[in-house]
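Biologist: Hello! I am a first-year student, and I would like a close look at a single part of this structure: its cysteines. Could you take me through them slowly?

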Amino acid sequence: MNVLQKSLKTAAIAITIASVSGFSAAAERGITDTSIKIGNIGPFSGKAAMFNPLNYGSVAYMRYVNDMGGVFGRKFDIVLGDTACAQAKGIAAAKKMVYDEKVFMITVNPCSGVAMAVKPTLVKEGVPWSGVSANPKITGSVGSGGTSAPPKYMFHVTPNGYFSGMTMGKFIMTKPNTKKIAIVAHTNDWARGYCDPAKDYIESQGAEVVLDTAMERGSTDATAQVLQIKSKGVDGVLGCLYQPELVILLKAAHKYKLNTPIIGALGADFGQVVQQVGNAKAVNGVFFQGHLYKDKINSPALEWGKQILLKYLTKDELPKTGDPTHFYYFGLFNGIGVVEGFRRAGRDLTRDTYIKAIETLRDFDNNISAGRVTITAEQHVGISDMYFNGLDKDGNEVIFSSWGKALN
Amino acid sequence: MKLNRSIFWILPLLVLALPLVLNQYLQYVVNLILVYILVAVGFNLVVGNLGQLAFSNVAFFGIGAYASGILTTQLGMPWWLTVIPAGLCGALAGCAASIPALRGVRLFYLAIMTLAFGELMRWSYIRTPDLTGGSMGLTVPEPEVFGWMLTTEYHKFYVFLFIVVVVVIATSRLLESRIGRAFLAIKNDENAAAAMGIPTGQYFVLAFALSGFIVGIGGSMYAALVGHLSPEDFDLIQVILHFAIIMVGGLGSLIGSVLGSILITATPEVIRHFEWLVGSEEWIFGGAIIVVILFLPRGLSSLLAKVNPIFKDRYYRD
């Protein structure tokens, strides 16, 4: 056999191998025959680092899927990127994922300001995004907090701030004789992403938001807000606050005997808030918070999730003490939706086939969330409803479907 | 090889080739460095050259960014036409910020008043949602220069580099003039400067206005670079960042402003390349600043000045 024949034979073998192993799919960035590269960005440093369990929850689910053999033989190659919850750094993190790491998609991305800032790059480059940030402008369309069609490649498999805020409003309005509501919120887009839809809903039901006051991040006292609320004689308070400030508000409310239910947004972890308030009287029958899951996070129904988190996260990625918190399950929830998209897209994976697959989710039972996930070409927010967490007078955690109506 | 000051002309020319070797991520980081160079140059005028402990820089930065953003979104002006107005808005804010100093407020009192000015402006962005988008932020359209859309980081780079070179040269010429010497005299001894006939009040206003103008232009570039402005971008963390840049680079040093911007902006991105370091950025960053300040109290520029005297800041012209 001469050199030419040898070369031709080698080339033929190479072409055959490439064809069999899905050469066409390998042309899409972030995909090889054996891997899918995922950019997982979030605040691993900075003042919002408390949100990174959301990132780790998704990581845990993808590691679990890898352990099960991956999706169509491809395993997830997860690259973490720190946004520090700051726009300039967040853009750098996203651009690194897109242009340097050449990931297939970006996921998790808590912090609405960062998500809004990275959106133009992702839309321009056609990089799919599945995140948990609240700002309705990120993926919202008409009916989910936006004003036009959803961006083609961006979606929430979880609720966005619009639906979460609406649900807060709906919950408080199921309390009998509710006429006057107060809002205490941070002055950022995350908080307004929750509280503005809640306010609209409350007013549409004929009740009045008599006070809409600010509490800045880093505040160490909520006396002024609580005394203002008290002077208005409200029937309920919506606290669109991060965890430290929500804890401060609850403590001050108890100190000044506010005796009004306080509904927290999803920027705080229910269990940790209760623990940090450290006073049963300040939370029992007073503090309620949106609950994304079908049951309590430590219930048998979600034991599978706990086992995944404990098995697939390292010691550094898990809480220093205690069980995985609500935020970890929130991340898990996102991860399940993202992976389901890959399952539905099939072996011939491209960004377009992935998005088309995500848009086939109808009443998808992810075995974790309170509601089922539905995403269509017109609606890129998967969940529009949730339950509420609270504590009864004895301090037992209760899941409510509406005011006073316990789930179990 | 003996270096001479022509290196300051050659370096920007060499930098012109960067887009040939950088991807859009790294190019974005370089563009961010260019933004912070202007921020640091403006900040250094008041803190380093005039010697006043004033932290209104973040207000100038935000005003410039929002002025540019509002003019492009509300009035439909192309971005390049908003750069000078953004600088002028910053200059106006600078004049306002100089009022306490004119009334004899100094040191920590001036520091806290100017910090409050920054917070006041942040609240103004939040409380004027019709103009600024409020808490939800303001999305700024892609920048345009003479009908040319700056759609990639490479396009932005050439425009930003041009602006930065012009501003840095102009500032250098200004500091080499009698104005720069007057700033230095006030910094060294305000009473002695006044006794020598230097109208210190006028120079205070001038320094603050110039600082506001330069930082305002930096803000306009920031708006074009980031594309989405949020009041949270202009909080106290930003003050610390600006202060760290000039402290690490060198107080009152133009070269220091450039070096500080490069180091402080690039360090987090270097850390980003080591995934096992994710989450430890604050430790490394804080530690690096402490080390630089401990061992180089006059900043990185003093190290360069030791290497070659051409890197010393000058207050005269050849």
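Modeller: Happily; here is a walk through the cysteines, followed by a look at the chains around them. Please keep in mind from the start that this is a predicted model.

Let's begin with the count. Over all chains, the structure holds two disulfides. One of them connects A:Cys85 with A:Cys111, with an S to S distance of 1.9 Å. Where do A:Cys85 and A:Cys111 sit in chain A? A:Cys85 is in the loop between β2 (75–82) and α4 (87–100), while A:Cys111 is in the loop between β3 (105–108) and α5 (112–125), so this pair ties together parts that are 26 residues apart in sequence. If you look along the bond itself, the angle about S-S is -115 degrees, and the link of A:Cys85 and A:Cys111 is left-handed. Are A:Cys85 and A:Cys111 buried or exposed? Both are buried.

Now turn to the other bond, between A:Cys195 and A:Cys240, whose sulfur atoms are 1.9 Å apart. This pair links distant parts of the chain, 45 residues apart: A:Cys195 belongs to helix α7 (residues 189–204) of chain A, and A:Cys240 to strand β8 (residues 236–240) of chain A. Why is the disulfide of A:Cys195 and A:Cys240 called right-handed? Its torsion about the S-S bond is about 95 degrees, so the disulfide is right-handed. As for cover, A:Cys195 is buried, and A:Cys240 is buried too.

Here is a neat way to put the two bonds together. Number the bonded cysteines of chain A in sequence order, and the pairing reads 1-2, 3-4.

Next, let's visit chain B and two cysteines there. Why is B:Cys89 not bonded to B:Cys95? The closest cysteine sulfur to that of B:Cys89 is in B:Cys95, and at 12 Å it is too far for a bond; a disulfide needs the two sulfur atoms within 2.5 Å. Seen from the other side, B:Cys95 is in no disulfide, with the sulfur of B:Cys89 as its nearest cysteine sulfur. B:Cys89 counts as partly exposed because its relative accessibility is 30%. B:Cys95 is likewise partly exposed, at 30% relative accessibility.

Let's step back and see the chain that holds these two. Chain B contains 15 helices and four strands. Its C-alpha trace spans about 50 × 50 × 40 Å along the principal axes. What does the radius of gyration of chain B agree with? For 318 residues, a compact globule would have a value near 20 Å, and chain B has 19 Å, which agrees. Buried residues account for 56% of the 318 residues in chain B. Taking contacts in chain B between residues at least 6 apart in sequence, 79% of them join residues at least 24 apart.

The outside of chain B is worth a glance as well. Its accessible surface is about 14,000 Å², and 72% of that belongs to carbon and sulfur atoms. Chain B carries 17 positive and 17 negative charges, and the mean positions of the two groups lie 15 Å apart.

To finish, here is one residue of chain A away from the cysteines. A:Thr376 is in the loop between α14 (351–358) and β11 (387–391) of chain A. Its relative accessibility is 16%, so A:Thr376 counts as buried. Leaving aside residues up to four places away in sequence, A:Thr376 touches A:Glu359 and A:Arg362.

Technical notes: Residues numbered from 1 in each chain as written. Chains lettered and ligands numbered in written order. Predicted model: local features only at pLDDT ≥ 70, side-chain atom pairs only at ≥ 80, totals over all residues. Heavy atoms only, no water. Helix = DSSP H or I, 4+ residues; strand = E, 2+ residues; numbered from the N terminus. Rg over C-alpha atoms; globule rule 2.2 N^0.38 Å. Buried < 20%, exposed > 50% of the residue type's maximum accessible area, 1.4 Å probe, protein only. Contact = heavy atoms within 4.5 Å. Areas by Shrake-Rupley, 256 points an atom, 1.4 Å probe, with all protein chains shown as cover. Lys, Arg positive; Asp, Glu negative; His and termini not counted. Charge placed at Lys NZ, Arg CZ, Asp CG, Glu CD.
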